[in-house]
Amino acid sequence: MPVLNETRHPAEFILSEANGERSRGAGTINDPANFVAGTILKSSGGGVYTVAADATAADAIAIYGGATTGAGTSVKVAVLMRDAEVNGNALTYFAGATQANKDAIAALLAANHIIVRN
């Protein structure tokens, strides 16, 4: 039998969020990239987001679902912006992120009332 590898589900990293859609917002990703659910993003301004390449993004935010963009294209995405709890083990951090980096990102997320649980 063939082996099937299941990818991460769009909201798998969310443990709880505010009623309705208060925890979520909309954003645009312009950079050519492939994002999985739970990727840590940072704002480029004007509702545009990129992958957080370090632990100093003052507005760290988590992408709600996966997205793929190509050169010269953009995609609208839902992002988890505030008032939520997330599973830190299901978040996608930048390559080479250390535990200290993950702790720093958790503190940045907490500033937006997104609590990281492990």
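Accessible area here comes from the Shrake-Rupley method with a 1.4 Å probe. By that method, the accessible surface of this protein comes to about 6,500 Å². Carbon and sulfur atoms own 52% of that surface. Keep in mind that you are looking at a predicted model.

Start with the whole chain. The protein has one helix and 10 strands. Read from the N terminus, the elements run β-β-β-β-β-β-β-β-β-α-β. The radius of gyration is 14 Å, and the globule rule gives 13 Å for 118 residues; the two are close, so the protein is as compact as a globular protein of that length. Along the principal axes, the C-alpha atoms fill a box of roughly 40 × 40 × 35 Å.

Now look inside. Of the 118 residues, 37% count as buried, with buried meaning under 20% relative accessible area. Contacts tell you about the fold too. Take those in the protein with a separation of 6 or more: residues 24 or more positions apart account for 69% of them.

Next, find the sheet that holds strand 1, strand 9 and strand 10. This sheet is open, has three strands, and follows the order 1-9-10. Its pairing is mixed. Which strands lie at the edges? They are strand 1, residues 14-17, and strand 10, residues 114-117. Each of these edge strands pairs on one side only. From one strand to the next, the twist averages 15 degrees.

Zoom in on one pair in this sheet. Strand 9 covers residues 84-87 and runs parallel to strand 10. Four bridges join the two strands. One place to look is Asn 87, whose bridge partner in strand 10 is Arg 117. A general point helps when you view any sheet. In a regular strand, side chains alternate between the two faces of the sheet.

Move on to strand 4, residues 40-45. Strand 4 pairs with strand 5, residues 48-51, in the antiparallel sense. Four bridges connect strand 4 and strand 5. Gly 45 has Val 48 in strand 5 as its bridge partner. How many residues lie between strand 4 and strand 5 in their hairpin? There are two. Gly 46 sits in the turn and has a positive phi of about 65 degrees.

Strand 4 has another pairing to trace. Strand 4 runs antiparallel to strand 6, residues 61-63, and two bridges join them. Here the bridge partner of Leu 41 is Ile 61 in strand 6. So much for the pairings around strand 4.

Methods
Residues numbered from 1 in each chain as written. Predicted model: local features only at pLDDT ≥ 70, side-chain atom pairs only at ≥ 80, totals over all residues. Heavy atoms only, no water. Pairing = 2+ DSSP bridges. Axes fitted to C-alpha atoms, helices over the stretch in contact; angles between N-to-C directions. Rg over C-alpha atoms; globule rule 2.2 N^0.38 Å. Buried < 20%, exposed > 50% of the residue type's maximum accessible area, 1.4 Å probe, protein only. Contact = heavy atoms within 4.5 Å.
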